[in-house]
Amino acid sequence: MPVLEVNSLIKFYGKVQALKGIYFSAEEGEIFGLIGPNGAGKTTTLRIISTLLTPSGGEVKVLGFDVQKEASKIRKFISYLPEEAGAYRNLRGIDYLKLMAHLYADDKKEVEKMVLKAIEIAKLGDRIYSKVSTYSKGMTRKLLLARALMHEPKLAILDEPTSGLDVLNAHEIRKIIKEFAREGKTVLLSSHNMLEVEYLCDRVAFIHEGNIVEQGKPEELKKKYGVKNLEEVFVEAVK
Amino acid sequence: MRKFTALLIKELRELINKQLIASFVIIILMFQIIGKIGESESKKLEERKEIGLVMLDDGKYSKTIETTLRSIFNVYRVEGSTPEEWMKNAYESDIRNVVVIPQGFSREIEAGKRAKIEVYAVTKSLGIRERIQKTILTSIINSLNASISRELLLEKTKGEDPEFLTKPVLTEEYVYLKGKILKASSDAIFAYMIQQSIFIPIILFLLLVFTSQMIATAMGQEKENKTLETLLTTPVSRASIIFAKMISAVILSCIFAGAYMYGFKGYMFAGTGGALSELTKIAKNYDLALPVQGIILFGICIFLSLLTGLLMTTIISLFVEDTRSAHLAITPVMILLLIPYFLSFTVDIMELSPVAKTVIYLIPFTHPFYFYRFYALGYMKDVFFGIAYLVLLNILLTLLIIKLFSTDLLLTARINLRKGR
């Protein structure tokens, strides 16, 4: 059974149709990339899968649970990292992690386990004991990614995980995501950085004006269109 | 419950910051300091006052005036021979009022003519002390007139009772209240009613301002710091998220309002303990104080109206984009609060047409404002209608919040009041 199934997904914002029948699926241990320009519908798709928005039509299932009917069950198995997400600025990094761990864990022992895992992922050293308000953008992003992965979700949904970060921080974030998927967990990420997606993802889907225009493994797609990279695949696919 | 507790602690930590504690401490201290100053001024006012007297006449009516003044004031004879010298001496001796009885004062009265006395106010600060002293002096002059008039009547009417001649009609005041006839002045009862009506709005206003601001800020911060989306995808119910915010705001606002009221009480009643106990006596004598059942109902009414305000603010703050917009978004709730407040001073609600009365009753904050009056006057139907209406309104608003919290509107609807400015 796929971890994520999206079929004929439609979303209207008033009269504007943001999604026009999106379809794709992601398997266990897979990193699936949703690629497209700004305003293509990536964030809307991720928000629906994360149970934040309700679909106007179609079907989305996470681990067999329907996003509309069984949202509370899905929230136990997923984690969502929004683009430009922030943490509570007056808390210390460690306190933020503890707070979020309390929302997932059933007992104190589990909280401690999650926090230790997050500290290991974030690699912030002693700065984990500093207030979030003193963190750089890269440090905040690492803290948030650690938060998103600390409870070992079956599906991690990451919206533009490296957006706005410098080369070194972006590289570290990509490394963390790769390691997480190696543990058998599924990652769904969105990006408009085609090179990043090519490096990270096992499979990708191109989204353009609310439609999936192409999907498959990066190597196969490049071969299909006879081009060198995914950027060129996208240009060819939307022609 | 563990998850809810974690959320509640998080909300409290978000709300309690250095600025909040500092402003809280400053306001409490400010009230206390102003109260202490007021108290010392009140004590000064209660002390026996000094008055200057320039006696240029030695007739019997001048003596009557001097005797009357000495019974009330510490009378000092002011030296000098011209008004400028009297004033200079009075100013230097810190005497604020001077009475001058001119030469021939008694002779004029004996001749059947109206005689003059001169009263000088020596101003140094134009403060409350001088104003009150002048008021006392005016009433003393009226008493002087009355006592001289009494003496004249005794002399000229050959044994007739001067009291009868000056005030032939006696009045006894009664008030019909809650089916009972009370021997009381309606002024005293109104004074007690007003005293009761002042505090209720202040408490409610403070509580609602604090709570609304806190909840709006909490919501605005979640959106501004982009933490709301993360929170909404955690395995915690939406109701828990919103109620943690509301309960933390209520806890803090109760603590703050209690402390503010303590400080405010110190300020308001500095040196007026006598007046307060007088009103309490009236309430006891005329059965106006709320019984235990009344106090419980009043508490319920206050709590329900506070909750209504809180739920209304929560609904508005769901759609704001940031903390600045959130602060402005509480304005509609404040306006709804101010309408019954001003109406309670200007409009007699029981005299209004049924339509106007219904409109006012639909404003949830009307009910705590009028609660005491309704209860004291025995309008129990209105009391229970108010409570039932608030219960119903709170249920509807709670359902609406839970519904809104589970819709896209939370993330897609936007009120940005900054753009509109």
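Start by selecting residues 4-13 and 57-62 of chain A: these are strands β1(A) and β4(A), which run antiparallel and are joined by 5 bridges. Keep in mind as you look around that this is a predicted model. To find one spot along the pair, click on A:Ile10, and you'll see A:Gly57 opposite, in β4(A).

Now widen the view to take in the whole sheet. Chain A has an open sheet of 4 strands here, in the order β2-β1-β4-β5, with antiparallel pairing. Select residues 16-26 for β2(A) and 65-66 for β5(A): these stand at the edges. Each has a single partner strand, so one side of each is left without a neighbour in the sheet.

**Across the sheet**

Next, pick residues 42-49 of chain A, helix α1(A). What does this helix lie across? Turn the sheet and you'll find β1, β2 and β4 of chain A there, with the helix running at about 115 degrees to β1(A). The helix is largely enclosed by the rest of the structure, because 7 of its 8 residues are buried. Colour the buried ones if you like: they are A:Lys42, A:Thr44, A:Thr45, A:Leu46, A:Arg47, A:Ile48 and A:Ile49. Notice that the list includes A:Lys42 and A:Arg47. Step past the end of the helix to A:Thr51, where phi is positive, near 70 degrees.

**A covered strand**

Staying in chain A, select residues 78-81, strand β6(A). Are its faces covered or open? Both are covered. A:Ile78 and A:Tyr80 sit on one side, A:Ser79 and A:Leu81 on the other, and all of them are buried. Add residues 155-159 to bring in β7(A), which runs parallel to β6(A) and is joined to it by 4 bridges. If you want a landmark between these two, take A:Ser79, whose bridge partner in β7(A) is A:Ala156.

**Two helices crossing in chain A**

Select residues 108-122 and 137-149 of chain A, and you have helices α4(A) and α5(A). Their axes come within 8 Å and cross at roughly 140 degrees. That angle is why α4(A) counts as oblique to α5(A). The crossing itself is right-handed. Show side chains where the helices meet: A:Ala118, A:Ile121 and A:Ala122 come from α4(A), while α5(A) brings A:Lys142, A:Leu143, A:Leu145, A:Ala146, A:Arg147 and A:Leu149. Sorted by class, this contact has 7 nonpolar residues, 2 charged ones and no polar ones.

**Over to chain B**

Time to switch chains. Select all of chain B and colour it by secondary structure: there are 19 helices and 6 strands. Of its 421 residues, 27% are buried. How far apart in sequence are the residues that touch? Among contacts between residues at least 6 apart, 77% join residues at least 24 apart.

Zoom in on the open sheet of chain B, where 4 strands follow the order β2-β1-β3-β4 with mixed pairing. Its edge strands are β2(B), residues 74-77, and β4(B), residues 118-121, each pairing on one side only. Look along the sheet to see the twist, which averages 25 degrees from one strand to the next. Then select residues 97-101, strand β3(B), which pairs with β4(B) in the antiparallel sense over 4 bridges. Within that pairing, B:Val99 has B:Val119 as its bridge partner.

Add residues 60-72 of chain B to the picture. This is helix α3(B), and it lies across β1, β2 and β3 of chain B, running at about 170 degrees to β1(B).

**A helix pair in chain B**

Now try residues 292-317 and 331-346 of chain B, helices α12(B) and α14(B). Their axes are 9 Å apart, and they pack at an angle of about 150 degrees. That makes α12(B) roughly antiparallel to α14(B). On the α12(B) side, pick out B:Gly309, B:Met312, B:Thr313 and B:Ile316; they meet B:Pro332, B:Val333 and B:Leu337 of α14(B). This contact has 5 nonpolar residues, 2 polar and no charged ones.

**Last stop: where the chains meet**

Show both chains together. Here 20 residues of chain B are in contact with 24 residues of chain A. On the chain B side, the elements giving two or more residues are α1 (2-15), α9 (228-232) and α18 (409-412). Which of them gives the largest share? Select α1(B), which supplies 6 residues. Colour the chain B side by class and you'll get 8 charged, 7 polar and 5 nonpolar residues.

Key. Residues numbered from 1 in each chain as written. Chains lettered and ligands numbered in written order. Predicted model: local features only at pLDDT ≥ 70, side-chain atom pairs only at ≥ 80, totals over all residues. Contact = placed C-beta atoms within 7 Å. Nonpolar A, V, L, I, M, F, W, Y, C, P; charged D, E, K, R; others polar. Axes fitted to C-alpha atoms, helices over the stretch in contact; angles between N-to-C directions. Parallel < 35°, antiparallel > 145°, perpendicular 65-115°, else oblique. Left-handed = near helix turned anticlockwise from the far one by under 90°. Buried ≥ 20, exposed ≤ 12 C-beta atoms within 10 Å, placed from the backbone. Pairing = 2+ DSSP bridges.
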